[in-house]
Amino acid sequence: MISRVISRDDELLVALRMSGFEGVWCAEASDLHEAFQKALEDKNIGMIILNEKDFRELEEEVLAVKEKKRSPFICTLPGRDGYSEDDFILKYVREAIGVKLD
């Protein structure tokens, strides 16, 4: 199984490529959607890595995949300044399992 980085952020892509990850740079949002669909179709990909901004663009598709499929694992990394939302993890847990944490 391999990991694939899909990003419109060239700095993130270069950094992860230097760490040994394969990656796809997308210039437009349409390229991002196309690369994500191709990654889902590739049975050799075990993990897809997105940054938070790209996750927001693909959020509906990502959540649909997480609800229906077990693989690939989809990981979201924060941007340079950290997550844009303070309660990102709590919101994610609440959406994933339906439990409100205080």
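Biologist: How many bridges join β1 to β3?

Modeller: This is a predicted model, and that applies to every value here. β1 covers residues 2-7, and β3 covers residues 45-51. The two strands run parallel, and one bridge pair between them is Ser3 with Met47. The number of bridges that join β1 to β3 is four.

Biologist: Which strand is joined to β3 by five bridges?

Modeller: The pairing is again a parallel one. Leu50 has Thr76 as its bridge partner, and Ile48 has Ile74. Both partners fall within residues 73-77, which is strand β4.

Biologist: Which residues form the covered face of β4?

Modeller: The strand has two faces, and Phe73, Cys75 and Leu77 make up the uncovered one. The bridge partner of Ile48 in β4 is on the other face. The covered face consists of Ile74 and Thr76.

Biologist: How many of the seven residues of β3 are buried?

Modeller: β3 is joined by bridges to β1 and also to β4. Asn51, which is found in β3, has a relative accessible area of 7%. The cut-off for buried is under 20%, so Asn51 is buried. The strand as a whole is mostly covered, and the count of buried residues is six.

Biologist: What is the pattern of the protein, read along the sequence?

Modeller: The protein has four helices and four strands. Among them are strand β3, residues 45-51, and helix α3, residues 52-68. Read along the sequence, the pattern is β-α-β-α-β-α-β-α.

Biologist: What share of the contacts with a separation of 6 or more comes from residues 24 or more positions apart?

Modeller: One pair with a wide sequence separation is Asn51 and Arg8, 43 residues apart in sequence and 8.6 Å apart in space, C-alpha to C-alpha. For contacts, Ser7 touches Asn51 and Asp54, among others. Over the protein, the share from residues 24 or more positions apart is 62%.

Biologist: Is Ser7 buried or exposed?

Modeller: Ser7 lies in strand β1. Leaving aside neighbours within four places in sequence, Ser7 is in contact with Leu12, Val24, Trp25, Cys26, Asn51 and Asp54. Its relative accessible area is 0%, so Ser7 is buried.

Biologist: Which residue has its backbone nitrogen 2.8 Å from a polar atom of the side chain of Ser7?

Modeller: Asn51 is in contact with Ser7, and also with the residue in question. Asn51 further touches Leu12, Thr76 and Leu77. The backbone nitrogen belongs to Asp9.

Biologist: Which element supplies the largest share of the largest nonpolar core?

Modeller: This core has 15 residues, and those with the most contacts inside it are Ile6, Phe36, Ile48, Leu50, Leu58, Val62 and Ile74. The elements that each supply at least two residues include β3 and α3. The largest share is five residues, and the element is α2.

Biologist: How many residues are in the other core, which lies apart from it?

Modeller: Ile48 is among the residues with the most contacts inside the largest core, and touches residues including Ile6, Phe36, Ala39, Leu40 and Ile74. The other core includes Val5, Leu12, Leu13 and Leu16. Its number of residues is five.

Biologist: At which residue does α3 bend by about 80°?

Modeller: The buried residues of α3 are Glu52, Asp54, Phe55, Leu58, Glu59, Val62 and Val65. The residue at the bend is one of these. It is also among those with the most contacts inside the largest nonpolar core. The bend of about 80° is at Leu58.

Biologist: Which side chain makes a polar contact of 3.5 Å with that of Arg56?

Modeller: Arg56 lies in helix α3. At 27% relative accessibility, Arg56 counts as partly exposed. The residue whose side chain is joined to Arg56 is one of the buried residues of α3. The side chain is that of Glu59.

Biologist: What percentage of the accessible surface of the protein belongs to carbon and sulfur atoms?

Modeller: Buried residues make up 30% of the 102 residues in the protein. The accessible surface comes to about 6,800 Å². The part that belongs to carbon and sulfur atoms is 52%.

Key: Residues numbered from 1 in each chain as written. Predicted model: local features only at pLDDT ≥ 70, side-chain atom pairs only at ≥ 80, totals over all residues. Heavy atoms only, no water. Buried < 20%, exposed > 50% of the residue type's maximum accessible area, 1.4 Å probe, protein only. Polar contact = N/O pair within 3.5 Å; in protein donor to acceptor, adjacent residues only side chain to side chain. Contact = heavy atoms within 4.5 Å. Core = buried A, V, L, I, M, F, W, Y, C linked by side-chain atoms within 4.5 Å. Bend = angle between axes of the 7 residues up to and from the residue. Areas by Shrake-Rupley, 256 points an atom, 1.4 Å probe, with all protein chains shown as cover. Pairing = 2+ DSSP bridges.
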